[in-house]
Amino acid sequence: MSTDGACLGNPGPGGWGAILRYRGKEKRISGADPATTNNKMELTGAIEALAALTRPSTVVLYTDSSYVRNGITTWVAGWQRNGWKTSDKKPVKNADLWRRLVDEEKRHEVTWKWVKGHAGDHYNEIADELATSAARQIADAR
């Protein structure tokens, strides 16, 4: 699966998108928030993609967000040990979303892969278009 987030302004109207692939089939999902940040949308894309799986699965999740990949593979363990505080004792930003991502990840065996955004990766481009379209639709509806 490939996920992405987009924000028209940061903060501003935002969207997330994901493309799930399994045995030659594809499912595209997306959503939006009228007032959000890019990081929130990146996290939401990964959360919603994992939540869309109906049973525990082995997943390779591709994201162009170093924030998401580094957070879930490296930083989150320390945040949990520290009571959701950073190393300098400040509250973790987006802790509610990080908790949701941890919960969704627990159901699956996930390998996290980073891809360079806007660099021609076919599925990342699709996820980006889904996220951007969702953000534009909610911005236009305001």
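## Sheet, hairpins and two aspartates

In the sheet of this predicted model, Leu-20 stands opposite Lys-27, a residue of strand 3. That pair belongs to an antiparallel pairing of strand 2 and strand 3, which extends over ten bridges. Two residues lie between these strands in their hairpin, where Arg-23 takes a positive phi near 45°.

On the pairing of strand 1 with strand 2, the sense is again antiparallel, and six bridges join the two; within strand 2, Trp-16 is the residue that stands opposite Gly-5. The hairpin of strand 1 and strand 2 has four residues between the strands, and there Gly-9 takes a positive phi near 95°. Strand 1 is also joined to strand 4 (residues 58-63), in this case by two bridges and with the strands running parallel, and the bridge partner of Ser-2 in strand 4 is Tyr-62.

Taken as a whole, the sheet is open and is formed by five strands in the order 3-2-1-4-5, with mixed pairing. Strand 3 and strand 5 are the edge strands, since each of them pairs on one side only, and the twist from one strand to the next averages 20°. Strand 2 is largely enclosed by the rest of the structure, because nine of its eleven residues are buried. Helix 1 lies across strand 1, strand 2 (12-22), strand 3, strand 4 and strand 5, and it runs at about 150° to strand 1.

The two aspartates described next sit in strands of this sheet, and their basic values are set out in the table.

| Residue | Place | Relative accessible area | C-alpha to C-alpha distance |
|---|---|---|---|
| Asp-4 | strand 1 (residues 2-7) | 2% | 9.9 Å to Tyr-123 |
| Asp-33 | strand 3 (residues 25-36) | 29% | 8.6 Å to Ala-134 |

Is Asp-4 buried or exposed? With a relative accessible area of 2%, Asp-4 is buried, because buried means under 20%. Leaving aside neighbours within four places in sequence, Asp-4 is in contact with residues that include Gly-15, Trp-16 and Gly-17, as well as Met-41, Glu-42, Asp-64, Asn-124 and Asp-128. The C-alpha atom of Asp-4 is separated by 9.9 Å from that of Tyr-123, although the two residues are 119 residues apart along the chain.

Asp-33, by contrast, is partly exposed, with a relative accessible area of 29%. Beyond its neighbours within four places in sequence, Asp-33 is in contact with Gly-12, Pro-13, Gly-14, Met-41 and Ile-138. A polar atom of the Asp-33 side chain lies 2.9 Å from the backbone nitrogen of Ala-35, while Ala-134, which is 101 residues away in sequence, is 8.6 Å away in space, C-alpha to C-alpha.

A further element to consider is helix 3 (residues 95-106), which has twelve residues and reaches 16 Å from its first C-alpha to its last, close to the 16 Å expected at 1.5 Å a residue. The buried residues of helix 3 are Ala-95, Leu-97, Trp-98, Leu-101, Val-102 and Glu-104. An α-helix has 3.6 residues a turn, so residues three or four places apart point the same way. What covers the buried residues of helix 3 includes helix 1 (38-51), helix 2 (66-81) and strand 5 (109-114).

How values were computed:
Residues numbered from 1 in each chain as written. Predicted model: local features only at pLDDT ≥ 70, side-chain atom pairs only at ≥ 80, totals over all residues. Heavy atoms only, no water. Buried < 20%, exposed > 50% of the residue type's maximum accessible area, 1.4 Å probe, protein only. Contact = heavy atoms within 4.5 Å. Polar contact = N/O pair within 3.5 Å; in protein donor to acceptor, adjacent residues only side chain to side chain. Expected span 1.5 Å × (residues − 1). Pairing = 2+ DSSP bridges. Axes fitted to C-alpha atoms, helices over the stretch in contact; angles between N-to-C directions.
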